[in-house]
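This report describes a protein model from its strands outward to its chains. Please keep the sequence and the structure in view while reading.

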Number of protein chains: 2
Amino acid sequence: MEKEKLNTGKTITIYDIAEEAGVSASTVSRVLNGSASVRKEKKDRILDLINKYNFKPNALAKGLSDTATKTIGIITADVRNPYYSALFVACEMAAEKAGYRVNLTNTLNQIEREADSLDLFTQQKVDAIIQMGGRVDDLITDDSYAGKVRSIMSTTPVIVTGKLDKAPVLSVVIDEAEGMNLVMEHLISYGHEKIAMVGGNMSVASTFYKYQRYQENLKSRGIPERGEYVVNSSYDPESGYEAMNKIFELPEIPTAVIAINDFAASGIIRSIREHGLSIPEDISIVSFDNTYIADLTLPKLTSVDYNYKHFGEMLINTAIAAAKGEQCEAVQKVEPKLVLRESSGPVKR
Amino acid sequence: MEKEKLNTGKTITIYDIAEEAGVSASTVSRVLNGSASVRKEKKDRILDLINKYNFKPNALAKGLSDTATKTIGIITADVRNPYYSALFVACEMAAEKAGYRVNLTNTLNQIEREADSLDLFTQQKVDAIIQMGGRVDDLITDDSYAGKVRSIMSTTPVIVTGKLDKAPVLSVVIDEAEGMNLVMEHLISYGHEKIAMVGGNMSVASTFYKYQRYQENLKSRGIPERGEYVVNSSYDPESGYEAMNKIFELPEIPTAVIAINDFAASGIIRSIREHGLSIPEDISIVSFDNTYIADLTLPKLTSVDYNYKHFGEMLINTAIAAAKGEQCEAVQKVEPKLVLRESSGPVKR
DNA sequence: GGACTGTCTGAAACCGATTTCAATTCAATG
DNA sequence: CATTGAATTGAAATCGGTTTCAGACAGTCC
């Protein structure tokens with residue numbers, strides 16, 4: 001594959017350094033990696049040259065001969081979603097601290113792209129793959145995908161923020177049940193009993209688990225569940241808006257709404273405001289994810305936080321450990337915390 | 001570097017395929033790339049094996065022997081910022097369409113990380129580097145950074161969403177002046193004369209250019225500029241909030257506020273609401289970037305859009321062209337468009 | 001001084017692809 | 001049937017590193 005580059009600055013290699021220093025490439029390599037001792041005088045000469053030319057070893061060549069590339073692939077549904085971008089950046093920083101780097105792909109909720117990303121990372125010889133969102137969010141995983149993951153796992157560990165049936169992935173998952181417990185306790189301690197759960201889709205595991213715990217919390221406290229208070233839709237503002245509008249068609253309006261995430265919550269706020277009610281005086285809102293959106297809505301949102309920094313570290317650290325062949329716990333849990341802001345308060349109606 | 005992997009699935013190579021097919025690796029390579037004709041019968045046999053083993057050629061080895069890796073490095077200030085994430089995803093999609101892939105790093109506004117990213121991409125042998133934000137946003141670039149970029153450019157083209165003095169980078173920049181023209185025309189056509197410009201920092205080029213055009217627009221229409229109506233701060237909600245609070249200390253409150261971006265605008269909205277005024281009846285807001293935030297504030301923001309899809313395509317296409325050594329226009333402009341929403345209206349005071 | 005040890009060092013093989021070059025095979029032509 | 005140009009094919013070199021292996025050299029101990 002020839003190419004006529006206008007910008008033909010000769011790329012300098014380890015051999016160029018070796019030649020100018022009057023040593024062999026092996027010696028330069030040893031200096032570069034500190035993998036063996038080199039006579040001080042030569043070492044200094046080599047170091048000077050490396051510096052002079054600002055020489056950086058070719059990562060492709062290095063990755064080809066080493067067994068490890070020190071790179072972790074991350075598959076995300078969509079970094080434009082603040083939940084994913086927060087988690088991604090947390091991973092990037094954790095990886096950097098450990099001397100690794102990170103490669104990102106977005107599947108944009110297109111299922112083919114998920115498999116493609118797996119292939120891409122396989123070709124790039126990443127040391128481990130972290131998948132956040134997508135198939136691993138689904139309650140039931142289709143077999144062909146699990147099969148693909150299984151076959152990849154024979155060479156590269158896969159870590160997942162969710163679960164994947166029939167593939168021995170490692171999981172780092174949010175304790176959704178606990179998150180919902182926190183939310184319910186908070187609301188009920190404020191005297192709320194008419195509590196709606198708005199947004200999300202029950203075929204998504206994290207939503208389903210939340211719903212289960214929502215039910216259990218009501219039941220254990222003897223509060224009857226009202227089916228009409230659970231309105232599913234999706235995860236964006238528009239969906240939240242429309243779902244909340246449906247709630248306003250009910251004869252009895254709830255005093256509190258649990259939003260599936262901050263994004264949807266922003267739409268819920270809009271609906272409530274358009275109906276002339278105020279938050280939290282007339283209706284309290286609590287949501288999940290505690291992204292920066294929670295800080296810019298009016299009122300600011302009470303939201304369940306996952307400590308993204310720690311979450312990212314858990315993901316990266318288990319990815320690295322697994323890449324090194326160390327035994328890892330199959331399922332680790334992220335403990336949620338409720339961050340109180342302006343959108344929730346005592347029941348007043 | 002030895003490594004005992006628990007998951008020791010043997011990685012299969014082009015040689016394994018070749019051997020099982022009873023041909024040479026060269027032949028397999030030709031089938032893989034369609035680079036030369038291969039007898040149909042062998043071709044089929046090879047294709048079957050590739051399929052059977054789900055063989056993917058090692059991208060490192062490929063990149064090492066080819067001159068091109070078909071990869072573009074993207075340096076971003078922070079993907080958590082919706083402006084960058086929108087642009088990044090647009091680039092990713094444009095790249096994919098062209099058969100390239102994309103690598104992301106975030107500098108998190110730490111200047112060392114900017115230089116590090118440059119080095120990283122150099123090692124990874126990306127075909128081109130796109131830098132969005134960071135140094136290339138600064139009005140004056142320090143010499144050492146420009147020097148580094150210049151030296152990198154001898155082997156790898158650098159494309160920038162901004163400018164960089166003393167380095168022959170290619171630029172794809174937003175026409176800030178035109179953006180501000182649109183905003184000013186819009187507001188003035190609604191009868192606004194008391195117009196504030198809130199947020200941002202004048203050492204950032206894009207902000208400074210906007211300010212220049214803000215001044216010119218006032219002047220050319222004979223509206224006196226009021227220094228106290230220009231309040232600088234930063235680009236986040238909190239900064240917008242505080243800056244707007246300062247404006248409320250003035251004896252005469254403006255009828256319109258230009259926010260430096262949607263993010264800051266959300267804070268401005270908060271300040272206005274806390275002062276008991278309504279938008280747009282009492283104060284109109286127009287902002288820049290048209291990120292999804294513009295859609296979730298209450299009211300939704302009138303904001304200047306950059307057509308991220310097209311913007312990303314311009315960046316990627318010139319990156320690819322430059323990587324191929326084609327001559328490119330040194331500076332290309334992105335034409336902004338004003339998207340009208342709920343936050344701006346006719347002056348009423 | 002000879003044997004032994006430990007420190008440095010370079011040659012060569014290897015990682016997994018691509019590509020050049022020359023050889024071989026093949027079908028068609030006269 | 002010999003000739004010829006085109007279609008196939010494989011051996012070997014190459015990309016830029018790392019690592020093994022063995023040799024060279026220096027210092028230490030008896």
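In this predicted model, strand β6(B) runs parallel to strand β8 (residues 256-259) of chain B, and four bridges join the two. Two strands are said to pair if DSSP finds at least two bridges between them. Helices (H or I, at least four residues) and strands (E, at least two) are DSSP runs, numbered from the N terminus. The model is a prediction in which local features need pLDDT of at least 70 and side-chain atom pairs count only at pLDDT 80 or more, while totals for chains, interfaces and linings use all residues. Residues are numbered from 1 along each chain as its sequence is written, chains are lettered from A and ligands numbered from 1 in the order in which they are written, and side-chain values use heavy atoms, with hydrogens and water left out.

**Parallel strands of chain B**

Strand β6 of chain B covers residues 195-198; I195(B) and M197(B) point one way from the strand, A196(B) and V198(B) point the other way, and all are buried. Buried means under 20% relative accessible area, exposed over 50%, and partly exposed in between (1.4 Å probe, protein chains only). In a regular strand the side chains alternate between the two faces of the sheet.

β6(B) also pairs in the parallel sense with strand β7 (residues 230-231) of chain B, over two bridges. Between these two strands the chain passes through helix α9 (residues 205-220) of chain B, in a right-handed β-α-β crossover. A crossover is right-handed if, with the strands pointing away from the viewer, the path from the first strand over the helix to the second runs clockwise.

Strand β9 (residues 284-288) of chain B is mostly covered, with five of its five residues buried. From β9(B), S284(B), V286(B) and F288(B) point one way, and I285(B) and S287(B) the other way. β9(B) pairs in the parallel sense with β8(B) over three bridges. The route from β8(B) to β9(B) leads through helix α11 (residues 262-274) of chain B, and this β-α-β crossover is right-handed. β9(B) also pairs with strand β10 (residues 302-305) of chain B, in the parallel sense and over three bridges.

Individual residue partners are listed below.

| Residue | Opposite residue | Strand of the opposite residue |
|---|---|---|
| I195(B) | A256(B) | β8(B) |
| V198(B) | V231(B) | β7(B) |
| I258(B) | V286(B) | β9(B) |
| F288(B) | V304(B) | β10(B) |

**Overall form of chain A**

Chain A contains 13 helices and 12 strands. It is divided into domain 1 (4-65), domain 2 (69-173 + 307-336) and domain 3 (176-305), with bounds that come from an automatic or database domain assignment. The centres of domain 1 of chain A and domain 2 of chain A, taken over C-alpha atoms, are separated by 34 Å. Along its principal axes, the C-alpha trace of chain A spans about 85 × 40 × 40 Å. Of the 349 residues of chain A, 57% count as buried.

**Relation of the two chains**

Chain B is superposed on chain A by a rotation of 180 degrees with 0.0 Å of shift along its axis (RMSD 0.1 Å). The two copies are thus related as by a two-fold rotation axis. Copies are superposed by least squares on the C-alpha atoms of residues with pLDDT of at least 70 in both. In chain B, the C-alpha nearest the axis belongs to L60(B), 2.5 Å from it. The copies meet through the same surface, because 100% of the interface residues of chain B are also interface residues in chain A. Contact means heavy atoms within 4.5 Å.
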